[in-house]
Amino acid sequence: MTSKVELVSVVIPTLNEAGNILDAVTTIYKELEYPKEIIVVDGNSTDGTIEIVKDTSFCKLIIEPRRGYGVALKTGMKNAKGNIIVMVDGDGTYEVKHINRLLDMMIQKDADMVLATRMYDPNKAMGFMNFVGNKVITFCFDFFYSQFLSDTQSGFRAISHEAIDKVKLNEGDMAYATEMLVKFAKEGYSMIEVPTTYKARKYGKTKLKKFKSGIEIFNTIFRGLLDADMVRKNEEVWQKNWFKR
Ligand SMILES: Nc1nc2c(ncn2[C@@H]2O[C@H](COP(=O)(O)OP(=O)(O)OP(=O)(O)O)[C@@H](O)[C@H]2O)c(=O)[nH]1
Ligand SMILES: [Mg+2]
């Protein structure tokens with residue numbers, strides 16, 4: 001439950017995002033209407049990302065040499081001081097100017113997590129394979145965990161710091177984002193969405209290995225079901241989340 005925003009820690013993982021990161025952080029710095037800190041967790045980029053972040057006066061830079069999207073986010077969150085954490089990619093694909101929507105909704109609905117969904121984007125800019133993969137994963141997640149999400153693979157989320165500290169996350173790469181949803185569902189934490197748009201990557205390469213990540217994500221979803229406690233909690237979670245919508 002999040003009834004007040006004291007400080008927002010924006011955590012941004014980057015690996016060779018020199019053409020994207022400055023626009024992302026300056027937009028967040030200008031647009032975010034709540035007290036904030038911006039933390040960039042870089043995986044030792046070689047394209048100038050580190051220098052660009054250092055040149056800004058308002059970003060805290062952490063170098064995390066260990067590989068993995070989840071590893072980077074975990075390191076950033078460990079260093080976050082805010083009662084709310086916003087995670088978002090530094091790759092220019094998310095409309096970061098929508099950041100206040102997530103926080104406003106978090107307060108309004110007293111939610112534990114608010115995700116920005118890209119599934120209602122009128123421009124349908126997401127790649128076909130990513131769209132289909134996301135839909136299948138999201139259907140399985142919603143079905144098995146009694147949730148109502150439309151974009152489980154969104155990496156743009158506002159999260160209660162207290163809640164994320166209570167769940168233990170083990171995934172080091174892209175499945176980290178799904179493991180977070182599975183563990184939040186198990187705890188009965190509320191997760192809701194606000195709409196955003198999607199922009200195709202203009203600079204750099206994707207680090208997403210579709211096949212490897214797909215297997216890890218499904219593994220995470222099905223492993224979570226082995227916990228018998230989940231079955232008992234499902235009805236309770238469904239009721240709570242349905243009425244929060
Ligand atoms: N620090 C760090 N950041 C990473 C690592 N892998 C990916 N990232 C960053 O995490 C974010 C997500 O990675 P992306 O390559 O955008 O993956 P994606 O969002 O699934 O794929 P596209 O947006 O479609 O390209 C980006 O900002 C990356 O730069 C890593 O090993 N270390
Ligand atoms: Mg991305």
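**View 1. Helix 4 and the residue after it.** In this predicted model, Asp 110 follows helix 4 and has a positive phi, near 55 degrees. Helix 4 covers residues 99-109. Its buried residues are Ile 99, Asn 100, Leu 102, Leu 103, Met 105 and Met 106. These buried residues pack against both strands and helices. The strand partners are strand 1 (8-14), strand 4 (84-87), strand 5, strand 6 (157-160) and strand 7 (191-195). The helix partner is helix 1 (21-31).

**View 2. Positive phi at Asn 44 and Lys 124.** Asn 44 is not a glycine, yet its phi is positive, about 65 degrees. Asn 44 sits in the loop between strand 2 (36-42) and helix 2 (49-55). With 41% relative accessibility, Asn 44 is partly exposed. Lys 124, also a residue other than glycine, has a positive phi near 45 degrees. The loop that holds Lys 124 runs between strand 5 (113-117) and helix 5 (128-145). Lys 124 is exposed, at a relative accessible area of 60%.

**View 3. Strand 5 and its two neighbours.** Five of the five residues of strand 5 are buried, so the rest of the structure largely encloses this strand. Met 113, Leu 115 and Thr 117 point one way from the strand. Val 114 and Ala 116 point the other way, and these are buried too. Strand 5 runs antiparallel to strand 6, joined by three bridges. Within that pairing, Met 113 has Ile 159 of strand 6 as its bridge partner. Strand 5 pairs with strand 7 in the parallel sense, over five bridges. Here Val 114 stands opposite Ile 192 of strand 7.

**View 4. The salt bridge between Lys 207 and Glu 17.** The model contains 11 salt bridges. In one of them, the side chains of Lys 207 and Glu 17 meet at 3.0 Å, N to O. Lys 207 belongs to the loop between strand 7 and helix 8 (210-224), and Glu 17 to the loop between strand 1 and helix 1, so the pair ties together parts 190 residues apart in sequence. Glu 17 is buried, at 4% relative accessibility. Lys 207 is partly exposed, at 28% relative accessibility. Both residues also belong to a network of salt bridges, which links Glu 17, Asp 91, Arg 201 and Lys 207.

**View 5. The salt bridge between Glu 95 and Lys 199.** The side chains of Glu 95 and Lys 199 form a salt bridge of 3.6 Å, N to O. This pair links distant parts of the chain, 104 residues apart. Glu 95 lies in the loop between strand 4 and helix 4. Lys 199 lies in the loop between strand 7 and helix 8. Glu 95 is buried, with a relative accessible area of 15%. Lys 199 is partly exposed, with a relative accessible area of 23%.

**View 6. The salt bridge between Arg 118 and Asp 151.** Here the side chains of Arg 118 and Asp 151 meet at 2.7 Å, N to O. Arg 118 is in the loop between strand 5 and helix 5, and Asp 151 is in the loop between helix 5 and strand 6, so the salt bridge ties together parts that are 33 residues apart in sequence. Arg 118 is buried. Asp 151 is buried as well.

**View 7. The magnesium ion (ligand 2).** The protein donors of the ion are Asp 89 and Asp 91, each through OD. They lie 1.9 to 2.6 Å from the magnesium ion. Asp 89 counts as buried, at 18% relative accessibility. Asp 91 is also buried, at 7% relative accessibility. Asp 91 has a further role in the picture: the salt-bridge network with Glu 17, Arg 201 and Lys 207 includes it.

**View 8. A nonpolar patch on the surface.** Phe 128, Met 129, Phe 131, Val 132 and Val 136 form this patch. Together they have about 490 Å² of accessible area. Met 129, one of the patch residues, lies in helix 5. Met 129 is exposed, with a relative accessible area of 56%.

Methods. Residues are numbered from 1 along each chain as its sequence is written. Chains are lettered from A and ligands numbered from 1 in the order in which they are written. This is a predicted model: local features need pLDDT of at least 70, side-chain atom pairs count only at pLDDT 80 or more; totals for chains, interfaces and linings use all residues. Side-chain values use heavy atoms; hydrogens and water are left out. Helices (H or I, at least four residues) and strands (E, at least two) are DSSP runs, numbered from the N terminus. Buried means under 20% relative accessible area, exposed over 50%, partly exposed in between (1.4 Å probe, protein chains only). Contact means heavy atoms within 4.5 Å. A salt bridge is a side-chain nitrogen of Lys or Arg within 4 Å of a carboxyl oxygen of Asp or Glu. Donors are N, O and S atoms within 2.8 Å of the metal (3.2 Å for Na, K and Ca); water is not among the atoms, so sites may look incomplete. Patches are made of residues with over 30% relative accessible area and no salt bridge: like charges are joined within 9 Å, nonpolar side chains (Val, Leu, Ile, Met, Phe, Trp, Tyr) within 5 Å. Accessible areas come from the Shrake-Rupley method with a 1.4 Å probe; for residues, only the protein chains shown count as cover. Two strands pair if DSSP finds at least two bridges between them.
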